[in-house]
Amino acid sequence: LHGDLAFVGSSAMEQVYIYRRSYVADEGYVKWELYSILRSNDYDYDVYGRGFSFEHMHRQDFGVTLKANRRLLLVAAPFADYGNRGDVDLREHFDSNGVHNEGLGKGKVYAFFSQPHVQVVTLQSDEIISFGSFRLKFDNNLGVVDDLSDIIACDSTAEAFKAALEKMSTIGEVEVERFESFDMNSNPNAYKIRWRVSFISSVADNQPPFVPIWHGSGCNDCSELKVSVLSKVPPNIIVQTTQSHEKYTQEAVIQPRDITSTDFLGSSLALDGMQAVIGSMHSAAKTRTTWDFETGDLSGWEQTGDAFRYQPTYGDNSKHRAVYEGYGNEASKSSGDPQSSRLVGRYYVGSFEKRPSSLESYQSPDNTFPLGNFQGDEPTGTLTSDPFIILGNKISFLIGGGCNALTVYVELLVDGFPSLRETGKCSERMHKVSWDVEIFKNRAGQIRIVDHGSKKWDHINVDEIQFSWGMRGTCHDNNFGQCTGGGGKMPKERNYGKDHYTGREESPKAGSAYFFRRTCSPLPIDDTSQINSLRMDCTKI
């Protein structure tokens with residue numbers, strides 16, 4: 001139950017039924033009625049048997065769990081992506097269902113969005129409005145006559161505007177954005193303050209427009225709107241409706257890259273604002289991390305801050321730029337000669353550098369950033385690997401960069417607690433370090449790369465993390481085409497990406513939780529596009 005909507009999942013029917021509570025104006029009472037029925041874009045069934053009269057549903061358990069928040073709805077289908085042998089757009093007259101959906105289904109979560117009503121309130125004149133206030137009201141909404149907002153100042157912030165509106169008894173929750181402009185070419189109203197109001201709670205088919213009132217125009221307790229003596233146009237307020245409420249439509253499919261069969265993705269859901277946590281109760285907790293960075297990206301690394309935004313670094317970048325004290329003979333200490341990082345392969349992590357891979361192919365750099373390009377020591381941040389089980393006695397890696405063990409370092413987390421740490425030697429040249437981890441066997445570990453400083457030599461270089469046990473994701477096929485080394489190949493995020501395999505299953509059915517976030521870039525005030533993620537400037541959840 002969410003506001004005036006009730007969502008009822010029916011996994012047997014592969015549908016979600018939405019019921020709406022509405023006010024019957026003529027009769028003066030509230031009623032519930034079936035409002036909408038949702039299905040995923042993978043909904044499928046076959047028609048065969050008894051003269052093609054039986055419908056055989058493809059079981060995906062769509063609707064077994066669901067969560068709604070504001071205008072967003074998430075619906076899980078733990079058996080989706082099951083190996084459909086037919087076409088979802090056709091009703092086959094034979095069995096095109098998966099071989100064993102419960103055993104082969106990976107699971108998906110479907111995101112639905114409902115466009116809210118949107119109105120723009122514009123306060124305008126030919127000069128800057130320096131003082132005054134106004135109110136907004138509904139003449140007759142949901143049986144309430146003259147539903148008034150609180151007093152709204154002429155220069156009200158978005159937050160204050162929102163608070164004033166939500167004092168109205170029939171409005172519920174709104175979202176407000178504020179825009180201010182002064183355009184001398186816009187006659188006669190050169191000065192404008194606009195507030196865009198999205199009606200988050202309202203699911204009525206029709207939303208009455210705000211009626212603005214101000215001093216001298218219906219509001220006795222409002223302060224007079226004042227402009228300079230040069231003004232020739234008295235301040236006025238207009239309201240424009242730019243969007244109307246729409247029913248829920250599917251906008252995205254959520255599925256982590258490392259998901260596999262029988263993981264039961266979506267077995268639990270949580271949704272808060274635009275952030276979601278999705279449970280996968282039978283996930284084998286495979287490690288996705290790229291340990292040598294040769295994928296050209298940071299697969300399996302959780303990033304904070306901006307120190308590693310352009311990582312990993314393509315090529316021996318420090319060899320093509322000046323280094324603080326140079327390297328080698330005494331003369332180079334004043335000239336700042338270049339210095340090799342001694343990377344292995346194409347890539348390494350160097351938080352001073354700014355030369356990432358191309359988005360098209362991991363085999364080449366992004367030509368936007370020339371050879372020797374760098375971001376410097378100022379950015380800070382961390383990289384944290386996926387958890388893994390320590391099954392051997394040694395972890396080794398290459399490390400270089402700064403030499404302050406308090407600000408730039410690599411550390412081993414054991415059960416979440418920092419247990420071993422190593423820093424560089426204030427040299428771009430990386431050297432090999434080995435950790436004895438035998439005492440931590442059979443405990444959970446993570447590698448964390450830290451850059452918390454912004455002074456000279458406050459950066460870190462790391463490459464070629466190795467384990468004395470079979471941690472690297474590999475796959476050696478046997479004669480039956482099976483992946484005997486454990487793990488499995490992850491889907492590529494780009495057409496010319498490098499094959500990357502997860503680690504072996506270390507804790508079957510351990511379960512995992514995935515975090516997702518839905519983001520949209522702000523819309524200009526004159527843009528009347530819908531505010532859902534079908535827009536190009538939105539990132540799907």
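**Figure 1. Strands β2 and β3 side by side in a predicted model.** Here we look at a predicted model, starting with strand β2 (residues 15-24), which pairs with β3 in the antiparallel sense over nine bridges. Want one pair to look for? Find R21, whose bridge partner in β3 is W32. Now widen the view: these strands belong to an open sheet of three strands, in the order β1-β2-β3, with antiparallel pairing. Which strands stand at the edges? They are β1 (5-10) and β3 (29-38), and each has a single partner strand, so one side of each is left without a neighbour in the sheet. Neighbouring strands here are turned by 25° against each other on average, direction ignored.

**Figure 2. An open sheet of four strands, with a helix packed on it.** Follow the strands across and you get the order β13-β14-β9-β16, with antiparallel pairing. The edge places go to β13 (174-182) and β16 (236-243); each of these has a single partner strand, so one side of each has no neighbour in the sheet. From one strand to the next, the twist averages 20°. Strand β9 (residues 117-125) and β16 run antiparallel and are joined by seven bridges. A handy spot to check this pairing is V118, which stands opposite Q243 in β16. Then there's helix α2 (residues 158-165), which packs on the sheet and touches β9, β13 and β14 (191-199). The direction of helix α2 makes about 135° with that of β13.

**Figure 3. The largest nonpolar core and its best-connected members.** This core has 31 residues. Which of them touch the most other members? That would be W301, F388, I395, L412, I447, I449 and I465. Six strands give two or more residues each to the core: β22 (347-350), β25 (394-401), β26 (408-414), β28 (427-436), β29 (444-451) and β30 (460-467). A second core, of 25 residues, lies apart from this one, and its members include L136, I171, F199 and W214. If you're wondering about the general pattern, nonpolar side chains in soluble globular proteins tend to be buried together.

**Figure 4. Zooming in on I447 and its contacts.** Leave out residues up to four places away in sequence, and what does I447 touch? Its contacts include W291, W301 and W435. I447 also touches L383, T384, S385, F388, I395, V410, E411, L412 and I465.

**Figure 5. S396, a buried serine in a strand.** You'll find S396 in strand β25. Is S396 buried or exposed? The relative accessible area of S396 is 5%, so this residue counts as buried. Skipping residues up to four places away in sequence, S396 touches K432, V433 and S434, and also E464, I465 and Q466.

**Figure 6. The C219 to C222 disulfide.** The structure holds two disulfides, and this view shows the one that joins C219 to C222, with 2.0 Å from S to S. Is this disulfide right-handed or left-handed? The torsion about the S-S bond of C219 and C222 is about 75°, so the disulfide is right-handed. Check the two ends: C219 counts as buried at 3% relative accessibility, and C222 counts as buried at 5%. Another cysteine, C154, is buried too, at 3% relative accessibility.

**Figure 7. The C403 to C426 disulfide, joining two loops.** In this disulfide, C403 is joined to C426, and the S to S distance is 2.0 Å. The torsion about the S-S bond is about -70°, so this disulfide is left-handed. C403 lies in the loop between β25 and β26, while C426 lies in the loop between β27 (417-422) and β28, so the pair ties together parts that are 23 residues apart in sequence. C403 counts as partly exposed, at 40% relative accessibility. C426 is partly exposed as well, at 26%.

**Figure 8. Where the prediction is confident, and where to be careful.** The mean pLDDT of the protein is 87, and 89% of its residues reach 70 or more. Where is confidence lowest and highest? The low end is helix α3 (residues 332-335), with a mean of 46, and the high end is β26, at 97. Over residues 473-485 the pLDDT is below 50, and this stretch has 18 contacts in the model beyond near neighbours in sequence. Residues 532-541 also have a pLDDT below 50, with 33 contacts beyond near neighbours in sequence. A quick caution: where pLDDT is low, the predicted coordinates should not be read in detail.

Definitions and conventions
Residues numbered from 1 in each chain as written. Predicted model: local features only at pLDDT ≥ 70, side-chain atom pairs only at ≥ 80, totals over all residues. Heavy atoms only, no water. Core = buried A, V, L, I, M, F, W, Y, C linked by side-chain atoms within 4.5 Å. Buried < 20%, exposed > 50% of the residue type's maximum accessible area, 1.4 Å probe, protein only. Contact = heavy atoms within 4.5 Å. Pairing = 2+ DSSP bridges. Axes fitted to C-alpha atoms, helices over the stretch in contact; angles between N-to-C directions. Disulfide = S-S within 2.5 Å. pLDDT = per-residue confidence, 0-100.
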